[in-house]
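Trainee: Could you take me through one part of this model closely, and then show me how it sits in the rest of the assembly?

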Amino acid sequence: MIRSITVSALCAFFIFALLPFALSAGPPGSQPAKLSPETEACIGCHEQFTPGIVADWRASRHSVISPADALKKPALQRRVSAESVPSQLASVAVGCYECHSLNLANHKDTFEHNGFRIQVVVSPNDCKTCHVLEVQQYADTKKAHAIKNLMANPVYHLLVETITGMKKFEKGRITSQPASDATLHETCLGCHGTTVEVKGLQKISTAMGELEVPKLTNWPNQGVGRGNPDGSIGACSSCHPRHSFSIEIARKPYTCGQCHLEPDVPAYNVYKESKHGNIYKSKEHAWNFSNVPWVAGKDFTAPTCATCHNSLVTAPSGEVIAERTHNFSDRLWVRIFGLPYAHPQPKAGNTTIIKNADGLPLPTTFTNLPASTFLIDKAEQDKRFAKMKGVCASCHTTAWISGHFAKLDSTIQETNDMTLTATQILAEAWRRGVEDKKNPFNETIEQLWLRHWLFYGNSIRYASAMTGAPDYAAFKNGWWELMLNINAMKDALDYKTMLKKGRK
Amino acid sequence: MIRSITVSALCAFFIFALLPFALSAGPPGSQPAKLSPETEACIGCHEQFTPGIVADWRASRHSVISPADALKKPALQRRVSAESVPSQLASVAVGCYECHSLNLANHKDTFEHNGFRIQVVVSPNDCKTCHVLEVQQYADTKKAHAIKNLMANPVYHLLVETITGMKKFEKGRITSQPASDATLHETCLGCHGTTVEVKGLQKISTAMGELEVPKLTNWPNQGVGRGNPDGSIGACSSCHPRHSFSIEIARKPYTCGQCHLEPDVPAYNVYKESKHGNIYKSKEHAWNFSNVPWVAGKDFTAPTCATCHNSLVTAPSGEVIAERTHNFSDRLWVRIFGLPYAHPQPKAGNTTIIKNADGLPLPTTFTNLPASTFLIDKAEQDKRFAKMKGVCASCHTTAWISGHFAKLDSTIQETNDMTLTATQILAEAWRRGVEDKKNPFNETIEQLWLRHWLFYGNSIRYASAMTGAPDYAAFKNGWWELMLNINAMKDALDYKTMLKKGRK
Amino acid sequence: MIRSITVSALCAFFIFALLPFALSAGPPGSQPAKLSPETEACIGCHEQFTPGIVADWRASRHSVISPADALKKPALQRRVSAESVPSQLASVAVGCYECHSLNLANHKDTFEHNGFRIQVVVSPNDCKTCHVLEVQQYADTKKAHAIKNLMANPVYHLLVETITGMKKFEKGRITSQPASDATLHETCLGCHGTTVEVKGLQKISTAMGELEVPKLTNWPNQGVGRGNPDGSIGACSSCHPRHSFSIEIARKPYTCGQCHLEPDVPAYNVYKESKHGNIYKSKEHAWNFSNVPWVAGKDFTAPTCATCHNSLVTAPSGEVIAERTHNFSDRLWVRIFGLPYAHPQPKAGNTTIIKNADGLPLPTTFTNLPASTFLIDKAEQDKRFAKMKGVCASCHTTAWISGHFAKLDSTIQETNDMTLTATQILAEAWRRGVEDKKNPFNETIEQLWLRHWLFYGNSIRYASAMTGAPDYAAFKNGWWELMLNINAMKDALDYKTMLKKGRK
């Protein structure tokens, strides 16, 4: 009897301790969903030819729960947001065939494969079948429009070409050639996304013998704004890779940290150095990253990126602290990176529609006059700010939160002013004719100016926003570098002015 | 019968395997301490309004063990160092009210909160009630005096202002303005600590309705030398954050790595690249970070920062390898960072009392003449060195340890000499009048000189001290940079000399 | 009855969940091997004097399985590759004495220690007793020849001395002195390895009293090419540290990342930012790093360094995906780092035998003419490439893999061309006489040229090869830096040319 109780107690303890493991492999005790015959056929071959992804899928929720069962969960526990799913999908596992045969008519990458018509690239429009709200929210984000926002904005496009173009040294001069697709793909478009187009079919030789498959451009790619062969934009696999579709991975900062990192977007680097990151790294092994809803204090004791920006978070009591969102600006009132000056978030995810007072598609002018028509107003800023503060309030008092954000306000002002100082030096260089503003990115003072805000100003704002990373904001990519950079711009201005005079 | 044995064996195995999990949530099977009525009242509201910190505390030892029970533990297992605790605290859990109502009379941040008189900031002087030795040891550290050591030292203060002050470009010249409190707080004082002062009461609007709370300056902050509203200095929460008071977190290098990191204090970066760090990262999941005493070889198989510098470490036999200390210099004989030259540790944590031969509050002159009166002598150095070598001896032979530290001695000598070379170039620049020594940090050669020792010399010494990080000491922030930097100082000297001649 | 089933089910579940823990401590249920009397004697003292390494060893496989039992395992599960082992070793655990008394006659570091003749440094030639294939494979790697490849190559030797030599400032000039052994040991030779020589015996004072032990030069060191006192080269403990001999540690990227990291060999940095690294960091806690063979999809769901380069990998079906190899070039057709241009892998691990068209021991000339006689031919390249693609095919389709490697081909071409551009500027500097090619590493343009390929070109190729790290290849150490660097070389050329003209 005593032994029985001990065993029960121990088991109860183990269940609690092992919850993270258990959940990552699907709910223990539940009846796994049955597979469709088509998916059984896929697995029959692919278990041999690509065993890794089959195993990855087998460990996923998609392999064990049918959409019909998923829809029966209480609202807060639900991971699907459709009201209903098509009947042929409802009662089988979400297997290979279910996703790779969705909406075939839209897909230019549809092809005949061993007796089945399937598509290569599963797109947000396909995932939308079950995850409708998430896809709708994502559709208007800057992420979804990430290719266009970079490449169809002439200012940014020029920056991209200036950096990634091949350089030649001929007759004592440097010339630049257009960047190759491969290099664009491995740099800027690696995160922003490439456009995947179908260029007919090709015969390839594989371990299964010769196959005929679609010939895709810019593939593989999982950039957040990927252009898909069905005309949709975005890639859910950017954050929910690849056949595990894991919520655990998406909630861990390593995922965001693939693109949001040093030196231009050091969100991950700053997080790691913050107190939140310190606690995360020390305790992640004991947290539950798979629970829905995600319970503050119980499933985790410090936030990750997803906690503050995306996840459905509740208190242990069940009270909702923050609604789930896949619009990544939903809790953001100010935009602190990627541009010379911090400014209110743009109204629309497609930022190429912005026109500032200089006629450029940028949210502020070079001297920080905001293109307010295209930016959210005070009321919307307050609404979003309140959402973020609601997350902070899980663990922090009102006075603590106010103290924190007062610092951020000051830092936004100061870093903007420091960019203005740098811009004044650059403007003077252009005025004196020692550099040519036609391409604002390809000469010495211009490049110093660029890193002034793109690296250092942004880094300082991140460190401020995440209430951490003091050494990052001091010596790593912060005030120390700002100071050196202002001096370097001034020295370069003097040197180039001297050279110009010397030539006269 | 066989099943029973199997179950028992398995359970024994699980207990062993899960020990880290079990301990982090308090000793399984022990009777949890009861809560005081006041703490019950706190939790009644705060479970709703700040559920995260309540849950964090619930998972802590403070929530399950009363001080009286803690005092009954065998000496080596004890986590409290007071001989006794006040009777009203002895037999209840260490809850919200117990800490936030300690020594109210000392606290300028005391206020009336829903029927209770409490204080906002729990200080080392409060923690001292149970952890007396730790607080006493900490009180004389450089950490405890970290604000003063930076801001009341005119040399360092000038450096801080030079880096963090706002820069303007006016009439072709750069001017600098004093740094703001917010920026100081987010850079240097983020680690060193801010002074938290009470500026009366303020009415704030919260989820609980309107409240009147103390108006605190520079809050929140957990810098190691924080000035508290009760007049004490230091913040235990720097390393034992925030309501978990976790020994596990303090023992993991992520905690130290918040402040001791690249580029000026790259202890964490170097550790990560060392063999010790390699083993730690590979095996941390299997180690026990909560055990007291901490057993070498059993609880861990490679040291973290805390192992070498702070923790009570024993052999599996129970023999004490190192006593616990919260004086962070207790096992350090030489100081290898933050100053131009490595030198013997200062005698006192307050380093503003030092006066070198040039009359400056620095432990050596610019040409490496030590202010020996203020530094520990050979006998004290040997004593501390012996403590450190005792920790090494857990795993390494005497010859191995000697070989290691012989390298460190050589590297201290060489990096000091490399700083001297840089200083000679700087002195020549001052002699020629091409830079002005009044502020030794704000011109080109001066800034190259600063990073020579603050970044590169220090990094090489860290890599040497931790017997690792060869690439760090070679290419990352080491000898490669030292070489480039010496060349850059020489080139700048020549260029500025040429300019000066040209102007004549 | 129901309880029993529940308990069994739970236990089954725990066994599965805890498999990684279980395996790391030796197979549960197996009869531990008995210790030899000599090893018992070693442990008798060392459990007291170096408890950490004794405990480390106790947790290792060596402590629980005798070579005879290890040889009985099915071929794919075997971790020993000898056909048989000497009878005196076969049936005891692989203990202290077994390794430290092997091949004593070869060892100049053999000495009398408390009644036993033992050696200090266990070498690959000793490990070969059981792990014959691994040692044979390793023997012809560039790693095994890492000291000679660096220090006996006059070009690299000059680079090493230029970087690590002490610099003096005398009469307005910089002079350089030879590097010290300690500094070489802590920089380049920390990874490459030092030569450990025996300089007689020395008396040392230890916790055990006075002992007489061999006096070893350059000890401790675990560089991959270490020269051992028995005349062998290499150190198995570089990757299988130190008395745990852990396969788990060797399979984790932290181990490779000790030497293969930013800025010159950023394999680890790039991996961390890749999708593979993202998945690894998110899921490593749930993977099994100790299983042999290593099962794709089951033991891991994304590769680490070892997966692609070394490990025996099978499908869940048992089919072999890749054979184990300790020749680190066995799956590599092209060499992408450490030299100005990417080129086919050298035929031999000893690269000092190479002679290019300029008569230098480098695989290409400065203008990228390959020394083809010394490099693997197309057929061998194809063979190795096929092995690597076989690993990719565990999870990726043929078209995906082709798309990936087409990008790498393009990037190799472009980064080589960018190095050529830099080389043309350097050649022009030499032609104009503004820098002196006698030492190609000690002047401004030369040093810019060096980092052009050693840091940036290499980094971009790594990012391409690992299909990840777009920000690394863009802004961190990639195209952004390449662009700045070309501009800086051109500016320095102009400035130095102007100075030279001015002096005339």
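Mentor: Happy to. Let's begin with helix H18 of chain B, residues 378-392, which in this predicted model lies across strands S8 and S9 of chain B. Its direction makes an angle of about 120 degrees with S9(B).

The strands under discussion belong to an open sheet of 3 strands in chain B, ordered S7-S8-S9, and the pairing is mixed. S7 (294-295) and S9 (320-322) of chain B are the edge strands; each has a single partner strand, so one side of each has no neighbour in the sheet. S7(B) runs parallel to S8(B), residues 313-314, and 2 bridges join them. If you want to find that pairing on screen, look for Trp294(B), whose bridge partner in S8(B) is Val313(B).

Now for a pair of helices, this time in chain A. In general, two packed helices are described by the angle between their axes and the distance between those axes. For H19(A), residues 398-432, and H20(A), residues 444-465, the angle is about 180 degrees and the axes are 10 Å apart. That angle makes H19(A) roughly antiparallel to H20(A). The contacts involve many residues: on the H19(A) side they include Leu408(A), Ile412(A), Met418(A), Ala422(A) and Ile425(A), while the H20(A) side includes Ile445(A), Trp449(A), Trp453(A) and Ile460(A).

One of those residues, Ile445(A), appears again in the largest nonpolar core, which has 314 residues. The residues with the most contacts inside this core are Ile445 and Met489 of chains A, B and C. Take Met489(C) as an example: beyond its neighbours within four places in sequence, Met489(C) is in contact with Ala422(C), Ile425(C), Ile445(C), Leu448(C) and Trp449(C).

Finally, the way the chains are related. Chain C superposes on chain A after a rotation of 120 degrees with 0.0 Å of shift along the axis, at an RMSD of 0.0 Å. This is the relation of a three-fold axis. Only 5% of the interface residues of chain C are also interface residues in chain A, so these copies meet through different surfaces. For chain A onto chain B, the superposition likewise takes a rotation of 120 degrees with 0.0 Å of shift along its axis, and the RMSD is 0.0 Å. The C-alpha of chain A nearest that axis belongs to His285(A), at 4.2 Å. Here, too, the copies use different surfaces, with 5% of the contact residues of chain A recurring in chain B.

Terms used. Residues numbered from 1 in each chain as written. Chains lettered and ligands numbered in written order. Predicted model: local features only at pLDDT ≥ 70, side-chain atom pairs only at ≥ 80, totals over all residues. Pairing = 2+ DSSP bridges. Helix = DSSP H or I, 4+ residues; strand = E, 2+ residues; numbered from the N terminus. Contact = placed C-beta atoms within 7 Å. Axes fitted to C-alpha atoms, helices over the stretch in contact; angles between N-to-C directions. Least-squares fit on C-alpha atoms with pLDDT ≥ 70 in both. Core = buried A, V, L, I, M, F, W, Y, C linked by C-beta atoms within 7 Å. Buried ≥ 20, exposed ≤ 12 C-beta atoms within 10 Å, placed from the backbone. Parallel < 35°, antiparallel > 145°, perpendicular 65-115°, else oblique.
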